[in-house]
Amino acid sequence: MQDEQILKLVSLEIRQCLGRKDVERGNLQEIRIRCGRPLEIRENGNLYYLSKEYGKTQEEELAYMVREEDVKETLEFSSKYSLYAYEQERKCGYMTVEGGHRLGIVGHVWMENGKISNITYVGGVNLRLAKKEIELKPALMNCLIKNGEFENTLVLSMPGAGKTTLLRSIIAQLSTGGGRRTVGVVDERSEIAACYRGVPNKEIGNSVDVLDGCLKPEGMEMLLRSMSPDVIAVDELGNERDVQAVRELVRCGCGILATMHGGSMEDFQRNRVGKILWEEGVFGRYILLENKKNPGRIKGIYDELGRRIEYENYRVSFDYDGMFTSGIWKG
Amino acid sequence: MIMTGCSLLGFGKVEQMKGYIRNSMLMQRQLMEMTRQIKAGFAQLPEIIEVLAKSGTGKWQGFYSYMGEGIRRREESFGSLWEHAMEKYVVATYIGKEEREIWREFGLHLGYLDQEMQLTLAKLCLEQLEEQMGRRKRQLQEYGRLYQTLGIASGMFLVVILV
């Protein structure tokens, strides 16, 4: 079903390339479609060119050369022939399309009063495919709860390593079941819940309220006042305004679950925004993910002092999709 | 029989002109509905087409149902889908040549631009259709009776000659 859905988003010629037997559509991460250049995919963290005749290849000469029509058709199909309806999103350089996948766009950018007014002459798109849901075992959740209270948690990783997917899974876990909490989500880029007309397309649990397409600082304040959530979740903290809003949440006693770019704890502490958050001790737990070759894999969980959390005598293992296949987190 | 046949030709021509006007009005109404939906809720084309298929009748219902099916399949561009639907349902007996061209041009650019351009495109199409409808109405007033009279007269003429 998911596979067929992916095929419907791209041009007819590219569908044929993706239809090759050696392409594991279930493990596809990205489809890069650039005008006049070879069609490229990222599968299991590796980049391949794609050919209609030979499937995956590293030979540029064999690869399918993307035509202008491919880009146009891909834009048409993925927007369900309604590119105009994605006007606001396009200004940010991407569109969240059916199935929660994200289509990044590059081309000629038009500026108006110092702001991006439109992107035309689209020269290439990158279809970033939504990852499979991660099923969280209680072990990880136990790491995030201390004395029955949710510890403010920050997920750290490099781009494409599964931050948002993990965030979504934690939200789902927190907001479902007996000890559930009410979770407010500020989904600035429609990536967490993949809302379509205000209704989440992704499985994010029951007690969840989503503000879709809203800026993080404004959204956090709105949710705090209007929905009184136990925890507020946001993706990609990035500037001082976000930090100010997070401070306000913590001051009001609301839990915070967030993500940020960062390849290591040291990276995070060196980062301008990270440094403030670290020094102020906003977060009680840090989940560090491995790189994009192993999306969804956890490298380590750290406490507020940066100590790695260890659970002796237990081991956890993952299969490729980042599924927790056994037991309790060892660290 | 000759008399009736010739008269029917004249009356038929007038009916065809009236049909063009009726369909032009229907097209304008559809355009207004599209504009309303795009303006009000940023509705996407599949939803708009679905609404039009449900509210449409006769050939128009067929046109939008065909479009809806094509959109679900996503196997051809919107422009080519529109053209195929027109070939199948928007035939010359119902729609004037000029109106068909306006409608075809409209479909070729639908969906691909931003919201403002969609509305401008719809407005332009609406204006062209209105202008064309005005022309058709004037033609009907000027030539309607003439076609009918000519039909009857030519019938009588033929009868006289043959008898």
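Author: Let's start with a term: a salt bridge is a side-chain nitrogen of Lys or Arg within 4 Å of a carboxyl oxygen of Asp or Glu. Keep in mind that we're looking at a predicted model.

Reader: Okay, how many salt bridges are there between chain B and chain A, and which residues form a salt bridge there?

Author: The general idea goes like this: side chains of opposite charge can pair when their charged atoms come close. Between chain B and chain A the count is 1 salt bridge. The partners are B:Arg74 and A:Glu98, with their closest N and O atoms 2.5 Å apart. Polar contacts there add up to 13 residue pairs, both residues at pLDDT 80 or more. On chain B, the side that touches chain A draws at least two residues from each of α1 (2-41), α2 (45-55), α3 (58-73) and α6 (115-162). Sorted by class, that side has 10 nonpolar, 7 polar and 8 charged residues.

Reader: What area is buried between the two chains, and which three residues supply the most on the chain B side?

Author: About 2,100 Å² is buried between chain B and chain A, and carbon and sulfur atoms give 50% of that. B:Gln44, B:Arg74 and B:Tyr112 supply 41% of the area that chain B buries against chain A, more than any other three residues. In residue terms, the contact takes 25 from chain B and 22 from chain A.

Reader: Let me zoom in on B:Gln44. Where is its place in chain B, and is it buried or exposed?

Author: You'll find B:Gln44 in the loop between α1 and α2 of chain B. The cut-off for buried is under 20% relative accessible area, so B:Gln44, at 6%, counts as buried. Its side chain makes a polar contact of 3.3 Å with the side chain of A:Tyr86. The residues that B:Gln44 touches include A:Ser79, A:Lys80, A:Tyr84 and A:Tyr196.

Reader: Now chain A. How do I read the buried side of a helix, and which residues of α10 are buried?

Author: Check which residues are buried, then which way they point. In α10 (residues 272-280) of chain A, the buried residues include A:Val273, A:Gly274 and A:Leu277. These cover an arc of only 95 degrees around the axis, which means they sit on the same side of α10(A). Turned away from that buried side is a face carrying the exposed residues A:Arg272 and A:Glu279. Among the elements covering the buried residues are α8 (240-251), β14 (255-261), α9 (265-270) and β15 (285-289) of chain A.

Reader: What goes on at the start of α10(A) and just after it?

Author: At the start, a side-chain oxygen of A:Asn271 reaches to within 2.7 Å of the backbone nitrogen of A:Val273. Just after α10(A), A:Gly281 has a positive phi of about 60 degrees.

Reader: Back to salt bridges, then. What does the pair of A:Glu188 and A:Lys216 tie together?

Author: The closest N and O atoms of A:Glu188 and A:Lys216 are 3.1 Å apart. A:Glu188 is in the loop between β11 (183-187) and β12 (208-212), while A:Lys216 is in helix α7 (residues 216-226), so the salt bridge ties together parts of chain A that are 28 residues apart in sequence. A:Glu188 is partly exposed at 27% relative accessible area, whereas A:Lys216 is buried at 6%.

Reader: And which residues are linked in a network of salt bridges?

Author: That would be A:Lys146, A:Glu151, A:Arg285 and A:Glu304. Over all chains, the structure holds 33 salt bridges.

How values were computed:
Residues are numbered from 1 along each chain as its sequence is written. Chains are lettered from A and ligands numbered from 1 in the order in which they are written. This is a predicted model: local features need pLDDT of at least 70, side-chain atom pairs count only at pLDDT 80 or more; totals for chains, interfaces and linings use all residues. Side-chain values use heavy atoms; hydrogens and water are left out. Contact means heavy atoms within 4.5 Å. Buried area is the accessible area (1.4 Å probe) that two parts lose on being put together, summed over both. A polar contact is a pair of N or O atoms within 3.5 Å; within protein, one must be able to donate a hydrogen and the other to accept it, and residues adjacent in sequence count only if both atoms are side-chain atoms. Helices (H or I, at least four residues) and strands (E, at least two) are DSSP runs, numbered from the N terminus. Ala, Val, Leu, Ile, Met, Phe, Trp, Tyr, Cys and Pro count as nonpolar, Asp, Glu, Lys and Arg as charged, and the others, Gly among them, as polar. Buried means under 20% relative accessible area, exposed over 50%, partly exposed in between (1.4 Å probe, protein chains only). The arc is that of the directions from the helix axis to the C-beta atoms. Lists of a residue's contacts leave out its neighbours within four places in sequence.
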